[in-house]
Each structure stands twice: as structure tokens, then as C-alpha cells.
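Student: I should like a close look at a single part of this protein, set in the context of the whole. Please take one strand with its neighbours, and then turn to the enclosed and open spaces.

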Amino acid sequence: MKRFLSLITVFILCLNVTAQTGKTKEGSASTNVQKTTLHILRSDNDTIHVNLSQRYSFSGIMFKRVSDNVLKLPSTKFEDRFLTCEGHNITKYELGWLNGNRSYLKSLDIAVRPTDQKVYLTATNQNGAPLSQIELILSPKVNFFLQINNDMVGISSSTGWPDFKEEDVVNIVVITENGKKMEVEEHLIVDYGSMGNIMKSYTNGSQIKTADIKEIIARPRTNFGLSIVFGNGKGDKWKAYLLPVSRNEDQ
């Protein structure tokens, strides 16, 4: 009898340990959500374009839209997963292709409001449990200028470079639509007419070096583009590309 009671006691203890272990696994799964932050540059309209590398996206088969803000992303094991952009419409999505008829989510276009500063993309399994979350930190809408000595000239991919001389002091200026000046952290002059110059390193700050000014003056200005990294002084920063006019017209 004592032996029988001992067996029952051991059995109950085993059940208790199993239940506790199950709770621990469930708890760790709920906190093991992969989180990523991306800084997204606003364009001139009210839609942001989000490029997603394979690191940030799902690969699978038969991707399809469920609603305005939800995409269904079945895995290659036919396990349903869903990507939701809460409070915002996904206006467009693009797939890239892998081997074996597999695809992956390459990019998204998302409608945003002027006051939006952050957007969240949350991936869940078929039971609604979160798998990953991507936080999109949006830049304010900005305009780009060159300050040539004391004069400010607007620049964009459609206007190209203004005239300046070798002895001029030329600075890049980024200003929001409400007049706030952003911090230009670094920039890169890109000569699309010379492959070697594309490999130049970024220059810290906003002032364009004399050597770069000489190059722009000496060669066709339609060859040159500009990459600008600017921030808000709070740790957030974004990268903008101004293409040469001739290259922009070809697209």
C-alpha cells in the first residue's frame, strides 16, 4: 500500500512539473518576438515606400492580400502567417523570387498621415500569436538646399546642381516643411559617369569639400548625384538620394 501511495505521489509531482514547464515555455515564446527598427524617408506624397531585405521579411508561397492592411504569408510548410499594418492601408506590395517557386516580401507601400511619426508591422501566426514586429520611424517631410556662401538654393532630382565657383563655401541644408532645420550628419557626392568615384567614402558634416566642388565644376554636372544622411538630434537619422537630372529622367 505504501508503495502504491508513493507511485501516486510521484505521478502527481510529475504532472505538476510538466504543467510548470509548459507555462515556462509559453511565457518565453510570448516574449521571444523578433523586433526591428527601420528609419523611413517620407516622399512628397502621403505614401511611404518600405524596402524589406530577406532578413526582415518572410519567404513562402502563395502570398495574398486579406484586407487593406493585412497580408497572408503562407510558409513553405503551408503554415499560415499574417502581416498586419495596424491603422494604415498597405496600398501596394512587391515580391521577390527565390529558388523552388518560393517568394519573399520585397517591399511595401503604406499610406500614412502627415502627423504619423511611427508605423508598426506585426507578423503573427494563424493563432494570432506575435512572431515579429518592425517599427518604422518616419522622417518629417523635408526640402533640400545648397547654401552657397549666404545664398540658399533649392535642390532636387528634378532641378540638378546650381552654379557655384571653386572658392565658394557650399553647405547642404535640410529643412522640414514647418521650418525646422535638420542636422546633416554626412554626405556623399556620387559621380555616375565614373565607376571609381561611386566607391568614395562619406564626408562628415554638411560642407562640401573643395575637391568635390572642383570635380563638379570640371565635369558635366548631370553626372553627379548626392546622398545625404540627416538626423533630428535625438538619435534618429534618415538617408536621402538626389539623383542626377539625366539619370532621373531615364527612369
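Tutor: The account below begins with the whole chain, moves to strand β8, and ends with the cavity and pockets. The model is a predicted one.

The protein comprises 251 residues, of which 38% are buried. Its secondary structure consists of four helices and 17 strands. Among contacts with a separation of 6 or more, 54% join residues that lie 24 or more positions apart. The exposed surface amounts to about 15,300 Å², and carbon and sulfur atoms contribute 50% of this area.

Strand β8 spans residues 103–111 and is mostly covered, with seven of its nine residues buried. Three pairings of this strand can be followed in turn. The pairing with β7 (residues 90–97) is antiparallel and comprises seven bridges. Within it, Leu 95 has Leu 105 of β8 as its bridge partner. β7 and β8 together form a hairpin, with five residues between the two strands. The turn of this hairpin contains Gly 100, whose phi is positive, at about 70 degrees.

Strand β2 (residues 47–51) also pairs with β8 in the antiparallel sense, here over five bridges. In this pairing, Ile 48 is matched with Ile 110 of β8. The pairing with β3 (residues 59–60) is again antiparallel and rests on two bridges. There, Ser 59 stands opposite Tyr 104 of β8. As a point of reference for viewing such strands, side chains in a regular strand alternate between the two faces of the sheet.

The enclosed space comes next. A search of the whole structure yields one cavity of 30 Å³ or more. The volume of the largest cavity is about 60 Å³. Its lining consists of Ile 155, Ser 156, Gly 160, Trp 161, Phe 224, Gly 225, Leu 226, Leu 242 and Leu 243. Strand β16 (residues 224–231) supplies the largest share of this lining, namely three residues. By class, the residues that line the largest cavity are six nonpolar and three polar, with no charged residue.

The open spaces complete the picture. The largest pocket holds about 1,300 Å³ of space. It is lined by 35 residues, and those closest to its centre are Leu 41, Arg 42, Lys 239, Ala 240 and Tyr 241. Two or more lining residues come from each of β1 (34–40), β2, β11 (142–148) and β17 (237–242). Strand β2, already described as a partner of β8, is thus among the elements that contribute to the lining of the largest pocket. The greatest contribution to that lining is made by β17, with six residues. The classes represented in the lining of the largest pocket are 15 nonpolar, 12 polar and eight charged residues.

The second largest pocket has a volume of about 500 Å³. Of the 20 residues that line this pocket, Gln 117, Leu 138, Ser 139, Pro 140 and Thr 176 are the closest to its centre. The lining of the second largest pocket divides into six nonpolar, six polar and eight charged residues.

Terms used. Residues are numbered from 1 along each chain as its sequence is written. This is a predicted model: local features need pLDDT of at least 70, side-chain atom pairs count only at pLDDT 80 or more; totals for chains, interfaces and linings use all residues. Side-chain values use heavy atoms; hydrogens and water are left out. Buried means under 20% relative accessible area, exposed over 50%, partly exposed in between (1.4 Å probe, protein chains only). Contact means heavy atoms within 4.5 Å. Accessible areas come from the Shrake-Rupley method with a 1.4 Å probe; for residues, only the protein chains shown count as cover. Two strands pair if DSSP finds at least two bridges between them. On a 1 Å grid over the protein atoms alone, a cavity is a set of points where a 1.4 Å probe fits but cannot get out, and a pocket is an open set with protein on both sides within 12 Å along at least five of seven lines; lining residues have an atom within 4 Å of a point. Grid points are joined across faces, edges and corners, and a volume is the space filled by probe spheres set on the points. Ala, Val, Leu, Ile, Met, Phe, Trp, Tyr, Cys and Pro count as nonpolar, Asp, Glu, Lys and Arg as charged, and the others, Gly among them, as polar.
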